[in-house]
Amino acid sequence: MGKKTISQPVRGSTSGRPIMVLLDVLGQRWTLRILWELRGEPLSFRELRSRCDQLSPTVLNERIKKLRELEIVEHREATGYRLTEAGAELGEKLLGLYDWSERWWV
């Protein structure tokens with residue numbers, strides 16, 4: 001993975017450290033849901049929007065654009081949006097949080 005850039009400044013940080021960029025992106029509404037829905041299979045824009053409770057097309061486009069800039073999501077004409085190798089690796093890390101939350105919430 002090479003050095004990434006993002007088109008907008010990171011909220012709450014002037015350092016530009018990678019963890020701050022990641023937390024900023026993941027903290028935006030709908031981003032985690034999009035990643036969660038893409039964890040199993042590629043989805044078309046319409047399928048992804050449907051799985052995200054009819055998220056507005058504008059917001060979905062914004063989130064996908066940012067995730068593509070960061071090479072977490074990619075688009076293939078034949079199959080739709082899917083996680084990149086880096087996105088799948090991030091998903092594995094997030095599954096650890098999912099498992100923890102399931103044990104904690106009992």
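Analyst: Contact means heavy atoms within 4.5 Å, and in this predicted model what covers the buried residues of helix 4 includes helix 1, helix 2, helix 3 (45–51), strand 1 (73–76) and strand 2.

User: Which residues of helix 4 are called buried, and what makes them line one face of the helix?

Analyst: The residues of helix 4 under the 20% cut-off in relative accessible area are L60, R63, I64, K66 and L67. Seen down the axis of helix 4, these buried residues fall within an arc of 160°, so they line one face of the helix. The face turned away from that buried side carries T58 and K65, which are exposed.

User: How do you know that the length of helix 4 agrees with its number of residues?

Analyst: The expected span is 1.5 Å times one less than the number of residues, so the 13 residues of helix 4 should span 18 Å, and the end C-alpha atoms are indeed 18 Å apart, which agrees. Just after helix 4, E71 takes a positive phi of about 60°.

User: What can be said of the length of helix 5, set against its expected span?

Analyst: By the same rule of 1.5 Å times one less than the number of residues, the 20 residues of helix 5 should span 28 Å, and since its end C-alpha atoms are 29 Å apart, the two values are taken to agree.

User: Which residues of helix 5 are buried, and why are they placed on the same side?

Analyst: The buried residues of helix 5 are A86, G87 and L90. They cover an arc of only 80° around the axis, and therefore they lie on the same side of helix 5. On the other side, E85, E92 and R103 are exposed. The buried residues of helix 5 pack against helix 1, helix 2 and strand 2.

User: How many aromatic pairs does a search of the whole structure find?

Analyst: The search finds 3 aromatic pairs. One of them is formed by W36 and Y98, whose rings are 5.2 Å apart, centre to centre, with 40° between the planes. The centres lie within the 6.5 Å limit for a pair, and because the angle is neither under 30 degrees nor over 60, the pair counts as tilted. W36 belongs to helix 2 (residues 31–37) and Y98 to helix 5 (residues 85–104), 62 residues apart, so that the pair links distant parts of the chain.

User: Are W36 and Y98 buried or exposed?

Analyst: Neither word applies, because partly exposed covers the range between 20% and 50%: W36 has a relative accessibility of 31%, and Y98 has a relative accessible area of 35%.

User: Why is the pair of W104 and W105 called tilted?

Analyst: The ring centres of W104 and W105 are 5.4 Å apart and their planes stand at 55°, so the pair is tilted. W104, with a relative accessible area of 53%, is exposed, and W105, at 68%, is exposed as well. Together with W100, these two residues form one aromatic cluster.

User: What makes the charged end of R39 sit over the ring of W36?

Analyst: The cut-offs are a distance within 6 Å of the ring centre and a position within 35 degrees of the ring normal; the charged end of R39 sits over the ring of W36 at 3.9 Å from its centre.

User: Why is R51 called partly exposed?

Analyst: Its relative accessibility of 34% lies between the cut-offs of 20% and 50%, so R51 counts as partly exposed. R51 is found in helix 3 and, leaving aside neighbours within four places in sequence, is in contact with R33, E37, E41 and L43. From R51 to E37 the C-alpha distance is 6.9 Å, although the two are 14 residues apart in sequence.

User: What is the phi of W30, and what is the phi of D53?

Analyst: Most residues other than glycine have a negative phi. W30, however, has a positive phi near 85°, and D53 a positive phi of about 55°. W30 lies in the loop between helix 1 and helix 2, and D53 in the loop between helix 3 and helix 4. With a relative accessible area of 23%, W30 is partly exposed, whereas D53, at 54%, is exposed.

Technical notes
Residues numbered from 1 in each chain as written. Predicted model: local features only at pLDDT ≥ 70, side-chain atom pairs only at ≥ 80, totals over all residues. Heavy atoms only, no water. Phe/Tyr/Trp six-rings, centres within 6.5 Å; stacked < 30°, edge-to-face > 60°. Helix = DSSP H or I, 4+ residues; strand = E, 2+ residues; numbered from the N terminus. Buried < 20%, exposed > 50% of the residue type's maximum accessible area, 1.4 Å probe, protein only. Arc of directions from axis to C-beta.
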